[in-house]
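The following paragraphs explain parts of one structure to a reader who has not met it before. Please keep the model in view while reading.

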Amino acid sequence: MRALPTEYELVAPRTLPDVLSLLAHEPGAWLPIAGGTDVMVQYSAGKLAARKLVSIWNLPELRSLEVMADEIQIGAGCTYTDLRAHEVILRELSLLSSSASWTGGIANQNRGTIGGNIVNASPAADSLPALMVYGAELLLVSARGERRVPYASFHISYRKTQLAPDELIRAICLKRQFSGYYAHARKVGARNAQAISKVCHAALGLLTDGVVDDIRLAMGSVAPVPIRLSETERIIRGRSIDPQLIRLARAAAAAEIRPIDDIRSTSRYRAAVAANLVGEFLEQLSVHGARSENSQKVLARWNGLQSDKAAEEILPCCGSKAWARGMTTRRPVLNEEALLAACDEVWRNLPESDWLEAYRSHPRIGDSHTPASAPVQSAAWSSAEQQKVRAAGEDVKAALAAGNREYEQKFNRIFIVCATGKSAPQILAILRRRLQNDEKTELHEAAEQQRQIAHLRLKKWLSS
Ligand SMILES: Cc1cc2nc3c(=O)[nH]c(=O)nc-3n(C[C@H](O)[C@H](O)[C@H](O)COP(=O)(O)OP(=O)(O)OC[C@H]3O[C@@H](n4cnc5c(N)ncnc54)[C@H](O)[C@@H]3O)c2cc1C
């Protein structure tokens, strides 16, 4: 952090009780500073009224991320990078990982905290709609004790919150109850990174037998505070998705928000975008519903197979026999989310020899010859995965072949990369970078790539 001029005072107590006692002693005199990504912007603009700053950066009590049986507590001092890296958040609260991924650039994500985003209380803040739809609760702490408040009522009016001058947010609590929901987030702005949202949106939907059982819609940058679209939700809930419902929901969303004209956009544009986002979400929810019905049929049949038959069927998704057997012991698997979670757990716990067996089931990148021992389905999938590589120019193909040889000499196995969607030059750059790895790092990078391949193949299998 840049050195502050002498009229400012900055202290950094080591523990949370020390910070709280300072705040209690002179309520309102001390401004907490966490990552400083908002405070220092105010300072640089000459708009920082506070002269006494107390650092809460890296306080262990604010930095923990606890996964409990029915709830996840995210320390207010967790950064966007922490959120993006956490497996359970990625799996169960993906709206938070998505919004973290487009909050500023990487440097900002390493430093900015979720607690700071909440208390800074910009109506355009990107993580706030996600907190709304997940029904978050905040743990507020002071020297007087701790209280728990629903996040939905935390913002009182434009940039005014329920936080008392002697209080900090200690943690954000989120229930683990969204298994089976379809989650969707969008940021509409000049661009994703380093741009303030014109409209940001987070949504969750649950379909049962084609009917919307639950729907949660929230938006930022369309009112003085982030809002839930409760009236739009009421219209949608309990109905099946058809063009008429989409028309009604779009109109309700546009009517429910209270956008303004400002430097980034106009209220008319924001209303049109809000309607489009709700319409887009409902269309995607409907497609997702049809897909998950199909997945459930595939899984119901697979759950009923004899173990050896079930292992044989799922083997091409990974290539390791121990993995395939491990997957069969997780049955019954009820949905895609549970299947992918089981995949990760089984894969992570396999010994190195089974990882190597999976790697051996792939053809070389740029080579159409699948190993003879690989199942027929695996060969078909490999061919589709390497589609873009086949279209590459001869010079890139030659460079890939040379890179493959160098890799095999160094690591004594073939180079594994999740090729889907990647061009040959992109893969070549990855290969050259990974040639610099030591053995242990490279084994784990390959394992992560194999995990991603398995996810894509499992999804293809479910839609078969
Ligand atoms: C280049 C850049 C790009 C950005 N891009 C985006 C973006 O795309 N989307 C977006 O939403 N934001 C963006 N931001 C804003 C910013 O990064 C976030 O609001 C960030 O989450 C603030 O966290 P912090 O820890 O840096 O807060 P700080 O600046 O340290 O503090 C902000 C406010 O929160 C208070 N505070 C912090 N933690 C606590 C706590 N635990 N309890 C009580 N009060 C607390 C502070 O007292 C202060 O009032 C960007 C900022 C920059 C500089």
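Contact here means heavy atoms within 4.5 Å. This is a predicted model, in which local features need pLDDT of at least 70 and side-chain atom pairs count only at pLDDT 80 or more, while totals for chains, interfaces and linings use all residues. Residues are numbered from 1 along each chain as its sequence is written, and side-chain values use heavy atoms, with hydrogens and water left out.

Start with helix H11, residues 243-256 (helices are DSSP runs of H or I of at least four residues, strands runs of E of at least two, numbered from the N terminus). Its buried residues are Leu245, Ile246, Ala249, Ala252 and Ala253 (buried means under 20% relative accessible area, exposed over 50%, partly exposed in between, with a 1.4 Å probe and protein chains only). Seen down the axis of H11, these residues fall within an arc of 130 degrees, so they line one face of the helix; the arc is that of the directions from the helix axis to the C-beta atoms. On the other side of H11, Pro243, Arg247 and Ala255 are exposed.

What do the buried residues of H11 pack against? They pack against helix H10 (230-236) and helix H12 (267-303). In the contact with H12, the H11 residues are Ile246, Ala249, Arg250, Ala253 and Ala254, and their partners in H12 include Ala271, Ala275, Val278 and Leu282.

Elsewhere, Gly205 lies in strand S12 (residues 199-208). Gly205 is buried, with a relative accessible area of 1%. Leaving aside residues up to four places away in sequence, Gly205 touches Tyr181, Tyr182, Asp214, Ile215, Phe281 and Leu285.
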